[in-house]
Amino acid sequence: MQARQAPLLDADTAANTAASAFASWSRWTPADRARVIRQMSHELDLARDDLVDLAADEVGASRSWIDFNVDLAKQMLDFAAGLAVELADQHIKNHKTGKVSIVRRQAAGVCLGMVPWNAPITLGVRAVAGPLICGNTVVMKGSELCPRTHQRLVTALNAAGLPDGVLNCVINTPADAHDTMVRLIAHPCIRRINFTGSTRVGRDVAMEAARHLKPVLLELSGKAPLIVLGDADLDAAVDAACFGAFFNQGQICMSTEWIIVVQSVADAFVAKFMARLARMDADTNPEFFGPMVSPDAAERVHGLIEDAVSKGARLVVGGRLDDGVLQPTLLDGISSNMRVFHEEAFGPLASIIRVYDAEEAISIANASEFGLNAAVFSRDIAAGQAVADVLEYGVVQINGPSVHDDPGMPFGGMKQSGHGRFGGKSVIDEFTETRWIATHQGVAPQALKKRPLQPEEHQ
């Protein structure tokens, strides 16, 4: 029983510590907070080699993937620091009444950020950078699959000069994951919650947050379609599909899972895709050929392949599973009776769906219960924009890979892929309270200006 209680006590301690540090940190000027956050970028560089080694050991991540993580995280920190100027009070004067109003973005309190294993540095930084610049203190619940990676990340960020208690890390065992989540969300000092992970767990997080009427930002599962129209640059589309489907073994929420190709160019696209894969090998492209996070994860994706083939799909390339390493796989002829049509693969697996035209492509893409991100390829930008306009996805890339992020842009999903937005100025909405403070200039309320009733008028 002690083993189960210890993480919960750690969770309480972390939340209480963050609450104690809030009063001081929230009074720092945004410019002073920004200076510390910019220094975090330098500390990440100093910790880069440690993070590479730890992530490789814990989740099988390649050097190129963690370098990608660190570089994007540095951009996120720099952008967050730049938001300092957006946190100034707005002063609005009503010249008719003399009333002066202040609209203030005020720190909410302690923010809980729950972080997954698959992009441990990028998503760890994303969970804390926005809350910190807004003046909140943070409890980061790291992943039980990469505890040392997340602990090292928090150590690096704290080395930038954060006061004690502003940023805290909680790690639990897999058996304690749910109980720790419930305990943290229920803690009275936790005022904001953000979670990145599966829709299944995200639903539990949302339900717990609702019990306590706490706002929650959810970035959940995806099943990104890449739509290839008849006039697309096929070489560019193939490059984007290979990168989007297989980078980090497809273990990215933005990974390309459906490749929806107009029939007139489908054969040519598949031929180019096969040729592109033939030029890749495990020695020169380890980010595409490394092990998945666990043998069980590889077996699950392999099961999706077997199910699809048994129901009529054609295995174009890949599909071999050796010692936890699943070779990059392309299936053709996917239909709605197959599990892979509906489920997030989260592995090195892409599926071709052949359609008659753009309208059919849109219909299939929008049939998904997920709506995180998508991509469309067309030489006609107007045609690509027309498709993007009606896709039910939070993020759409035109002539670019589905795996793409920009710290200055709002990122998040629709439908079962969550709600709320990381990135851009959206983080200010997510992690502050908006307050209106009005000063009146001695003018009596309008209702009191009416002529008082005379005694005879009461009768």
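Mentor: Let's start with what a helix is here: a DSSP run of H or I with at least four residues, numbered from the N terminus. This is a predicted model, by the way. His150 is found in one such run, helix α5, residues 147–158.

Trainee: And why is His150 called buried?

Mentor: Buried means under 20% relative accessible area. His150 comes out at 0%, so buried is the word for His150.

Trainee: What does the side chain of His150 reach, and how do you know that it's a polar contact?

Mentor: The side chain goes to the backbone oxygen of Pro120, at 3.2 Å. The cut-off for such a pair of N or O atoms is 3.5 Å, so 3.2 Å passes. As for residues beyond four places away in sequence, His150 touches several, among them Val115, Met140, Cys169 and Ile171.

Trainee: On to the rings. How many aromatic pairs are there?

Mentor: Nine, counting rings whose centres lie within 6.5 Å. Take Phe68 and Phe247: their centres are 5.4 Å apart, with the planes at 90°.

Trainee: What makes that pair edge-to-face?

Mentor: Planes over 60 degrees apart count as edge-to-face, and Phe68 and Phe247 have theirs at 90°, so the name fits. The pair also links distant parts of the chain: Phe68 belongs to helix α3, Phe247 to the loop between α8 and β9, and they are 179 residues apart.

Trainee: Are Phe68 and Phe247 buried, exposed or partly exposed?

Mentor: Phe68 has 33% relative accessibility, and partly exposed lies between 20% and 50%, so Phe68 counts as partly exposed. Phe247 has 5%, which is under 20%, so Phe247 is buried.

Trainee: What about Trp117 and Phe346: how do you know that they pair, and in which way?

Mentor: Their centres are 6.0 Å apart, within the 6.5 Å limit, and their planes stand at 90°, so this is an edge-to-face pair. Trp117 is in the loop between β3 and α4, Phe346 in the loop between α12 and β14, 229 residues apart. Trp117 at 15% and Phe346 at 17% are under 20%, so both count as buried.

Trainee: Which residues join Phe68 and Phe247 in a cluster?

Mentor: Trp65 and Phe243; the four form one aromatic cluster.

Trainee: Last one. Why is the charged end of Arg126 said to sit over the ring of Phe422?

Mentor: The charged end is 3.9 Å from the ring centre. The distance limit is 6 Å, so 3.9 Å is within it, and the angle to the ring normal has to be within 35 degrees too. Lys415 also sits over a ring, that of Tyr393, at 5.7 Å from its centre.

Key
Residues numbered from 1 in each chain as written. Predicted model: local features only at pLDDT ≥ 70, side-chain atom pairs only at ≥ 80, totals over all residues. Heavy atoms only, no water. Phe/Tyr/Trp six-rings, centres within 6.5 Å; stacked < 30°, edge-to-face > 60°. Helix = DSSP H or I, 4+ residues; strand = E, 2+ residues; numbered from the N terminus. Buried < 20%, exposed > 50% of the residue type's maximum accessible area, 1.4 Å probe, protein only. Polar contact = N/O pair within 3.5 Å; in protein donor to acceptor, adjacent residues only side chain to side chain. Contact = heavy atoms within 4.5 Å.
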